[in-house]
Amino acid sequence: EARKSLTKLRGRDLNLAELRQLEHQRAAARCELHATINDVMYGVVESFLNLRQQDANLTIQEQSLEQVKELVEITRKRMLVGRAVEAQLIKDQSQLARQKEELIVTRANREQACDQLLQLICPDPEERPDPSRLEAILEIPKVLEREINFTGLSRSARQKRPEVLAMLCQMRSQDLALRLARDGVKPTFDVVAGFGLQANDGTFSDANSAVGTLDYPVYTLGLQYSIPLGMRASKGRMRRAKLEREELDVRLLELEAAIELEVRQALRGLRSSMERMAAARSTVNFAERSYTNEKLLYRQGRTTPFQVNEYRIDLDDARLRLAEAMRDYLLALAAIRKAEGTLPDIFAKKGRLNAKTLAFGLE
């Protein structure tokens with residue numbers, strides 16, 4: 001038997017409606033996968049920048065250790081000429097021991113940050129790539145040299161975010177489901193065709209054997225007009241499809257509002273980090289000059305080791321704040337790319353680390 005509906009779904013064949021829905025669902029699944037890769041890559045970028053910050057902290061701690069060693073040597077020379085006492089040397093050596101301890105802790109934190117990054121990239125230790133391939137992240141500022149404004153970025157995010165594209169695919173699929181549900185409460189007019197075989201013999205076995213000879217074919221052709229009665233189930237499906245479509249509209253509005261907030265926060269973080277970097281650079285310059293002058297005064301015996309250490313600690317704090325501000329600046333740029341939904345493009349264009357490598361653990 002075969003049935004062909006003469007009433008089509010506004011130009012679309014009812015028999016292909018389910019296939020169209022599956023195509024929309026496949027497109028939505030691809031968009032959701034891209035959104036997952038976008039989020040995973042932001043986590044990798046954040047972990048990599050944390051590792052770079054730990055490297056900067058390690059460099060600062062090593063420089064501070066050399067400065068303390070230099071201070072100890074100055075104190076020893078002053079003791080030889082009778083311009084310093086042993087208590088000052090003991091205090092400087094105690095400061096040197098504390099600085100070595102801080103250096104050990106910083107190295108441990110650096111190793112932990114490296115392990116966290118490698119765990120995100122590839123769970124299998126034997127197949128982990130070289131972290132130096134992530135150096136493309138440091139080229140994020142070059143990619144974002146163009147002027148960034150909230151209006152253009154917000155509009156681009158609403159157009160390119162994979163979450164929005166996935167939502168639109170779901171809405172198209174639900175539109176088709178709603179049209180199918182509405183068609184279910186309408187009368188149908190079908191062409192019905194059938195073909196069968198029969199045999200006229202006295203016994204069942206003889207008749208069964210005669211069927212294969214095709215001597216008595218039976219053809220059926222007709223028109224069938226159906227009017228649904230009651231239609232409680234059909235109307236219920238239509239109401240449900242309509243409510244689900246309205247729910248998708250609300251979810252899309254909520255998603256666009258969340259994206260706009262994310263873009264606003266990313267731009268705010270970018271401006272704040274840029275201002276912090278400028279202020280931190282000035283602070284580091286003044287702290288270096290102050291420490292150099294105070295060390296010169298100590299050589300001349302016009303100040304105490306305590307004052308020199310205070311200026312050295314201030315210099316270390318200024319350098320650490322600068323490293324943190326630079327890390328926040330790069331992370332803010334990555335957050336803008338994530339809000340726009342184009343973070344994987346940075347690695348795809350550079351050809352250093354593609355989305356497939358970053359999503360290795362996910363796959």
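This passage looks at the ring contacts and one helix packing in a predicted model.

Start with the aromatics. A pair of aromatic rings is described by the distance of the centres and the angle of the planes. Just one aromatic pair turns up in the structure, and its partners are Phe-195 and Tyr-219. Their ring centres sit 5.1 Å apart and the planes make an angle of 45°, so the pair is tilted; that angle falls between the 30 degrees below which planes count as stacked and the 60 above which they count as edge-to-face. As for where the two rings come from, Phe-195 belongs to strand β2 (residues 188–198) and Tyr-219 to strand β3 (residues 216–226), so the pair ties together parts that are 24 residues apart in sequence. Neither partner is tucked away: Phe-195 has 52% relative accessibility and counts as exposed, and Tyr-219, at 63%, counts as exposed too, because the cut-off for that label is over 50%.

Another ring contact involves a charge. Here Lys-338 lies over the face of Tyr-42, 5.6 Å from the ring centre.

Then there are the helices. Helix α1 (residues 17–80) and helix α7 (residues 232–299) have axes that come within 10 Å and cross at roughly 20°. Angles under 35 degrees count as roughly parallel, and α1 and α7 are therefore roughly parallel to each other. The crossing of α1 past α7 is right-handed. On the α1 side, the contact is made by Gln-67, Glu-70, Leu-71, Ile-74, Thr-75 and Arg-78; what they meet on α7 is Tyr-291, Lys-295, Tyr-298 and Arg-299.

Methods. Residues numbered from 1 in each chain as written. Predicted model: local features only at pLDDT ≥ 70, side-chain atom pairs only at ≥ 80, totals over all residues. Heavy atoms only, no water. Phe/Tyr/Trp six-rings, centres within 6.5 Å; stacked < 30°, edge-to-face > 60°. Helix = DSSP H or I, 4+ residues; strand = E, 2+ residues; numbered from the N terminus. Buried < 20%, exposed > 50% of the residue type's maximum accessible area, 1.4 Å probe, protein only. Lys NZ or Arg CZ within 6 Å of the ring centre and 35° of its normal. Axes fitted to C-alpha atoms, helices over the stretch in contact; angles between N-to-C directions. Parallel < 35°, antiparallel > 145°, perpendicular 65-115°, else oblique. Left-handed = near helix turned anticlockwise from the far one by under 90°. Contact = heavy atoms within 4.5 Å.
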